[in-house]
Amino acid sequence: MFSDEIAIDLGTANTLVYNKSQGLLYNAPSYVAQNTENKKIVALGSQAKEMVGRTNPLIMTSRPLLDGVISEYECVLPMMKEVLRRTSPPLKRKLTISVPNGVSDIEMRAVVDLGYQLGYRKLEIVDEPLMAALGEGLDINQSYGRMIVDIGAGTTDIAVISLGSIVVGESIKIASDDFDDAIIKMIQDKYRLKIGKLTAERIKMIYAEKIKGLMEHCQESDDSFIEVSGLHIIKGIPGIIEVELREIRECICPLENMLIEAIQGVLSRTKPELLSDIMEEGILITGGGSLIPHVAKQIEIACELPVRQSDFPLDSVGKGLELKIKGYPVKPKYA
Ligand code: ADP
Ligand code: MG
């Protein structure tokens, strides 16, 4: 028997869909490609993401979520209708959607509308940091303070959790996509080379992999570089350059510091009892942004607290949602 209870982690970068009986049904980039004239869906997920910057006038691609909230409602609705048509049964009883902690009333309204427009009779909206903590195996309903930092693509959610809710929290609009933007700016300013967003993301991922390798071998730095191709903005012709790891490190550093400041701000507003719990267990960091290995290290040094990195940072919220629809009691933000 199919279970008709569905949960969606509608992330800026990745969308995950779960149901009660089968678990993960869908996990793909939050992109859609549509025909510009009749608005029919041409591609979804990775296929649509690969079309970005490569379309003809008959096709438009969109990434309809910005900073963790719906920015293009007219694209997110057909995208999610199609995702659910492909993955889940037509019986539509109950839907759970997670949202960043800091959503405004208007942003929340858009998610509620989306839920009902998708045709579900019952809708629950839950906090993403709570789901991330649950997905990481923490018993969020305990009377015990835990700090979770979810560095997504568009937002970083910082939350102290106890007794099933967020006691102190902050959502900031600085996250892993901003690392991409910083790389684009650095390469343009320094080398006069224009690169696209997907290229910048690829550079960031290669960088993360190389740094991880260095850290595993306890090396501070090496002289390796990443080859980057783009458009030379003065000559107006294609160009190839070599960027040192240090240069990428330097352009990410100011953003890392802003994340640290926000975490310190939340810690400074946390009651001493909860703080002593956090000192015991440390801070848990998750989300795709935590895949830049030195981010955890820098937080650890600056906050003087142990930091644990998730083993599955792209799935923690999804895993939490799965546990929720399987019956783990969660206080919804909207029901
Ligand atoms: P969201 O929940 O906002 O959709 P995710 O937690 O799924 O975001 O993280 C997506 C972000 O993580 C993107 O900015 C992506 O570039 C980055 N990311 C994904 N994989 C890696 C990787 N292997 N190394 C570095 N960054 C990564
Ligand atoms: Mg997320």
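In this predicted model, Arg-86 lies in helix α2, which comprises residues 73-87. The side chain of Arg-86 is joined to that of Glu-82 by a polar contact of 2.9 Å. With respect to Lys-333, Arg-86 is 247 residues away in sequence, and the two residues are separated by 28 Å in space when the distance is taken from C-alpha to C-alpha.

The surroundings of ligand 1 were examined next. Ligand 1 sits in the largest pocket, and the residues around ligand 1 number 17, of which Ala-13, Asn-14, Ala-153, Glu-201 and Lys-204 come nearest. When this shell is divided by class, 6 of its residues are nonpolar, 8 are polar and 3 are charged. Two helices, α5 (176-191) and α6 (197-216), each contribute at least two residues to the shell around ligand 1, and it is α6 that gives the most, with 4 residues.

Several short distances between polar atoms of the protein and oxygen atoms of ligand 1 were computed. On the side-chain level, a polar atom of Asn-14, which is also one of the residues that come nearest to the ligand, lies 2.8 Å from an oxygen atom of ligand 1. Backbone atoms take part as well: a backbone N or O atom of Gly-288 is found 2.9 Å from an oxygen atom of ligand 1, while a polar backbone atom of Thr-12 is 3.2 Å from an oxygen atom of the ligand. On its own, ligand 1 has 580 Å² of accessible area, and 87% of this area is covered by the protein.

The pocket that holds ligand 1 was then considered in its own right. The largest pocket has a volume of about 950 Å³, and among the 43 residues that line it, those closest to its centre are Gly-287, Gly-288, Gly-289, Leu-291 and Leu-314. Gly-288 thus appears both in this central group and in the backbone approach to an oxygen atom of ligand 1 described above. Strands β1 (5-10) and β2 (14-19), together with helices α5, α6 and α10 (316-325), each supply at least two residues of the lining of the largest pocket. Helix α6 provides the largest share of this lining, amounting to 7 residues, and α6 is likewise the element that gives the most to the shell around ligand 1. By class, the lining of the largest pocket consists of 13 nonpolar, 17 polar and 13 charged residues.

Attention was finally given to enclosed space. A search of the whole structure finds 1 cavity of 30 Å³ or more, and the largest cavity has a volume of about 60 Å³. Its lining is made up of Leu-10, Leu-65, Gly-68, Val-69, Ile-70, Ile-97, Ser-98, Val-99, Pro-100, Val-103, Val-111 and Glu-128. These lining residues divide into 9 that are nonpolar, 2 that are polar and 1 that is charged. Strands β8 (69-70) and β9 (94-99) each supply at least two residues of the lining of the largest cavity, and the largest share, 3 residues, comes from β9.

Methods. Residues numbered from 1 in each chain as written. Chains lettered and ligands numbered in written order. Predicted model: local features only at pLDDT ≥ 70, side-chain atom pairs only at ≥ 80, totals over all residues. Heavy atoms only, no water. Near = heavy atom within 4 Å. Polar contact = N/O pair within 3.5 Å; in protein donor to acceptor, adjacent residues only side chain to side chain. Areas by Shrake-Rupley, 256 points an atom, 1.4 Å probe, with all protein chains shown as cover. 1 Å grid on protein atoms, 1.4 Å probe; cavity = no way out; pocket = protein on both sides within 12 Å on 5 of 7 lines; lining within 4 Å. Sits in = over half its atoms within 2 Å of the grid points. Nonpolar A, V, L, I, M, F, W, Y, C, P; charged D, E, K, R; others polar. Points joined across faces, edges and corners; volume = space filled by probe spheres on them.
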